[in-house]
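Here is my note for a colleague who is meeting this structure for the first time. Please keep the sequence and the model open while reading the numbered points.

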Amino acid sequence: MLLSYKDRSFTSASRTCRALSVRVYASTTLISTTQRASFKNNPNYTFSPIINGCWQFAGGHGREVFDNIEAKLEAHTSAGFTSYDTADIYGPSEEILGRYLKAHSAAGGAPVQVFTKYVPNIFQQQMNPRVVEAAIRRSMAKLQVDQLDLVQLHWWEYSIPGMVDTALALADLQSRGLIRFVGTTNMDTAALASIVDAGVDVVVNQVQFSLLDRRPLNGMLQYSQSKGIKLFTYGSVGGGLLSDKYVEEPRTGLFSLGGNRYTPVDLNTSSLKMYWNVAKQFGGQDLWRELLLVLKRVADRHGVGVANVALRWVMQQGDGRNVFPIVGLRSAAHIVDNARTLGFSLDQGDLDAIAEVLARAKGPAGDIYSFERGN
C-alpha cells in the first residue's frame, strides 16, 4: 500500500500546496527568525525549533497520512515548520520528501531542511566504507539532492563491531561534500562519547524524551550540553497519550464496577502501542492519568493544550537551548496548535506541580534506548 504512493504525480504540487497555505494560514509564518535554531559549527544554517516527523510514512498510522500530502507538507513549510525528520527505513518517506523538495524549489520556495538517518542492517551486512557510501548515495537519489543536510547514525546492537568505523565513514563523506552534518540516533552516553572521542563532529543525537520517558536526564542531556550537541526528541507527546484526548477523572462508585475506572485506550496506531508500553513502565494508567490532570490545569492557566505543555516541558530541560522535539506529521490541522508551544514558558510553579507527579514514577530507567536493547 505504501509503495503505491510513489506513482502519484507531483505535477501540480506547488500550486496545490500554495493554495492550502493561503487558505488556512494566509502564507504567514508562525515561527520568527529568532526562534530558529542552529548547529554548533554553522550558525548560518538554521532549522525550526519543532521538527516535522515523517515516521508515519513507514506504515501503521492509517492511509490518511498520505491524503493531500503535497499540500500538507507545503502548509507546514509555509507556516515556518521547514524541517523534516526521516530515515532510510521509513518506507517511501525519502521519495515523498524528494519529490516535494523538487516541486517546492521549482516554485521558488524558502529553504527546507531534511534530516535523514542511516540505519544499516548490521545483523546481515558486513560494514565497510563502500557499503556506507552506497547507502548515502541511495538516500541522496531518493531525496533528489547533491548533499544530505544531516545523516543520523543508528546502531542496533553495541556488541556488533563497526559502529565507530561507520561513523568515521560518514565523517569522511562529510569531508567530501556528500553530507553537511553528522548526527546519531538512540545512542546512549557511552556510545556517543566513543564516536565523539574518535573525532566525529556529532551535532545532534536523536532520543526518546518525554514526561513519560526521562532517560535523557540520566547523563545524556548533561553530556550533550557539554559538547554542544543538540538533542532531537521523539515521543515527546507519547504518540498522543500526552494530550487533551485522554484527560479524564477516575470513575467512582457504581461507575467503576468491573474495574473500569477509565475509558479504554484504543491503541490503533503503531506509535500508541509503543508509547503505551512506556506509560506502563512510567507507573501505569493511574499515574499517567494523574499526570494528565496536572498538565491540564497547567495548560488551562496558559490557554494552551496538554500536548503544548508536554512539548514545552521537554524544550525547557537543560539550558533551554538544547532540546528540540519532533512532532509527527499526520495532519495540517495541528500546525497552529504546535506553534502555541513556542508562545509561552512554564514557570517554577508549573514545573513544581509536574515534578510532584514525576517523583512517583517507576521508570523507564537506565540510559538511552536501554530496555529496547534488552538492558
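The points below go from the chain as a whole to its cores, then to single helices and residues, and finally to the surface.

1. The model is a predicted one, and what follows should be read with that in mind. The protein chain has 375 residues, of which buried residues make up 53%, and it contains 12 helices and 10 strands. Among contacts between residues at least 6 apart in sequence, 79% join residues at least 24 apart. The accessible surface of the chain comes to about 15,900 Å², and carbon and sulfur atoms account for 51% of that area.

2. Which residues touch the most other members of the largest nonpolar core? They are Leu291 and Ile354, in a core that counts 85 residues. The element that gives the most to this core is helix 9 (residues 284-302), with 8 residues. Apart from this core lies another one, of 16 residues, with Ala37, Ala87, Val204 and Phe232 among them.

3. The surroundings of Leu291 deserve a look of their own. When neighbours within four places in sequence are left aside, Leu291 is in contact with Leu211, Leu212, Leu242, Phe282, Ile354, Val357 and Leu358, so that Ile354 appears here as a contact of Leu291 as well as beside Leu291 in the ranking of core members.

4. Helix 6 (residues 189-197) can be described from its start to the residue that follows its end. At the N-terminal end, Asp188 acts as a cap, with a side-chain oxygen 3.3 Å from the backbone nitrogen of Ala190. The buried residues of the helix are Thr189, Ala191, Leu192, Ala193, Ile195 and Val196, and their cover includes helix 5 (163-175), strand 7 (179-185), strand 8 (202-208) and helix 7 (220-227). Just after the helix, Gly199 takes a positive phi of about 105 degrees.

5. Is Ser139, which belongs to helix 4 (residues 129-143), buried or exposed? Ser139 counts as buried, because its relative accessibility is 4%, which is under the 20% limit for that class. Beyond its neighbours within four places in sequence, Ser139 is in contact with Asp88, Glu94 and Leu148.

6. On the surface, Ile89, Phe123 and Trp156 make a nonpolar patch of about 310 Å². Ile89 sits in the loop between strand 4 (83-85) and helix 3 (93-106), and with a relative accessible area of 45% it is partly exposed.

7. The structure holds 17 salt bridges, and one of them pairs Arg176 with Asp172, whose closest N and O atoms are 3.6 Å apart. Arg176 is partly exposed at 44% relative accessibility, and Asp172 is likewise partly exposed, at 39%. Both residues also belong to a network of salt bridges that links Glu133, Arg137, Asp172 and Arg176.

8. A further salt bridge joins the side chains of Arg340 and Asp337, at 2.2 Å from N to O; since these residues are 3 apart in helix 11 (residues 335-340), about one helical turn separates them. Residues three or four places apart in an α-helix point the same way, because the helix has 3.6 residues a turn. Arg340 is partly exposed with a relative accessible area of 37%, and Asp337 is partly exposed at 33%.

9. Finally, the side chains of Glu356 and Arg360 meet in a salt bridge of 3.0 Å, N to O. Glu356 counts as partly exposed at 45% relative accessibility, and Arg360 does so at 37%.

Conventions. Residues are numbered from 1 along each chain as its sequence is written. This is a predicted model: local features need pLDDT of at least 70, side-chain atom pairs count only at pLDDT 80 or more; totals for chains, interfaces and linings use all residues. Side-chain values use heavy atoms; hydrogens and water are left out. Buried means under 20% relative accessible area, exposed over 50%, partly exposed in between (1.4 Å probe, protein chains only). Contact means heavy atoms within 4.5 Å. Patches are made of residues with over 30% relative accessible area and no salt bridge: like charges are joined within 9 Å, nonpolar side chains (Val, Leu, Ile, Met, Phe, Trp, Tyr) within 5 Å. Accessible areas come from the Shrake-Rupley method with a 1.4 Å probe; for residues, only the protein chains shown count as cover. A salt bridge is a side-chain nitrogen of Lys or Arg within 4 Å of a carboxyl oxygen of Asp or Glu. Helices (H or I, at least four residues) and strands (E, at least two) are DSSP runs, numbered from the N terminus. A polar contact is a pair of N or O atoms within 3.5 Å; within protein, one must be able to donate a hydrogen and the other to accept it, and residues adjacent in sequence count only if both atoms are side-chain atoms. A nonpolar core is a set of buried Ala, Val, Leu, Ile, Met, Phe, Trp, Tyr and Cys residues joined through side-chain atoms within 4.5 Å.
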